[in-house]
Amino acid sequence: ELSGLICLRCSYVGQVRGPLSGIYHCSFEGGVAGISTHFEPVYARYAFPCVDEPGAKACFQLRIVAPSDLSVISNMPSV
């Protein structure tokens, strides 16, 4: 049995999918294109490697690299 703080680091490259599964293409008013996420109930596993079960929740950090002329918006606080 493991206890205490455990840190796991991995690099992963995924694909933007669609529609409405994991990370997918979307469009906004004015012709602005972007990507969005839909991770419920099981679509998180389409975006990145994970154990997508309520009993196996974990804290994690996500880094998004984007060109400086684009905006990255999240509903979570910046770390």
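**View 1. Contacts of Leu20 in the segment before strand S1.** Leu20 touches His38 and Tyr43, leaving out residues up to four places away in sequence; contact means heavy atoms within 4.5 Å. Leu20 belongs to the segment before S1. Its C-alpha atom is separated by 5.8 Å from that of His38, and the two residues are 18 apart along the chain. The model shown in every view is predicted: local features need pLDDT of at least 70, side-chain atom pairs count only at pLDDT 80 or more, and totals for chains, interfaces and linings use all residues. Residues are numbered from 1 along each chain as its sequence is written, and side-chain values use heavy atoms, with hydrogens and water left out.

**View 2. Surroundings of Gly22.** Gly22 lies in strand S1. Helices (H or I, at least four residues) and strands (E, at least two) are DSSP runs, numbered from the N terminus. With a relative accessible area of 0%, Gly22 is buried; buried means under 20% relative accessible area, exposed over 50%, and partly exposed in between (1.4 Å probe, protein chains only). Apart from its neighbours within four places in sequence, Gly22 is in contact with Ser36, Thr37, His38, Phe39, Tyr43, Tyr46 and Ala47. Between the C-alpha atoms of Gly22 and Phe48 there are 8.5 Å, and these residues are 26 apart along the chain.

**View 3. The hairpin of S1 and S2.** Strand S1 (residues 22-28) and strand S2 (residues 32-38) run antiparallel and are joined by seven bridges. Two strands pair if DSSP finds at least two bridges between them. Ile23 has Thr37 as its bridge partner in S2, and Cys26 has Gly34. Three residues lie between the strands of this hairpin, and Gly30 in the turn has a positive phi of about 85°.

**View 4. A nonpolar surface patch.** Leu62, Ile64 and Val72 make a nonpolar patch of about 310 Å² on the surface. Patches are made of residues with over 30% relative accessible area and no salt bridge; like charges are joined within 9 Å, and nonpolar side chains (Val, Leu, Ile, Met, Phe, Trp, Tyr) within 5 Å. A salt bridge is a side-chain nitrogen of Lys or Arg within 4 Å of a carboxyl oxygen of Asp or Glu. Val72 is located in the segment after helix H1 (44-47). Val72 counts as partly exposed because its relative accessible area is 49%.

**View 5. Ile73 and its distance to Ser36.** Ile73 is also placed in the segment after H1. Ile73 is exposed, since its relative accessibility is 78%. From C-alpha to C-alpha, Ile73 and Ser36 are 9.7 Å apart in space, and they are 37 residues apart in sequence.

**View 6. The chain around these sites.** The protein has one helix and two strands, in the order β-β-α from the N terminus on. Of its 79 residues, 9% are buried. Contacts between residues at least 6 apart in sequence include 14% that join residues at least 24 apart. The protein exposes about 7700 Å², and 56% of this is supplied by carbon and sulfur atoms; accessible areas come from the Shrake-Rupley method with a 1.4 Å probe, and for residues only the protein chains shown count as cover. The mean pLDDT (the predictor's confidence in each residue, from 0 to 100) of the protein is 77, and 89% of its residues reach 70 or more. Among the elements, S1 has the highest mean pLDDT (83) and H1 the lowest (77).
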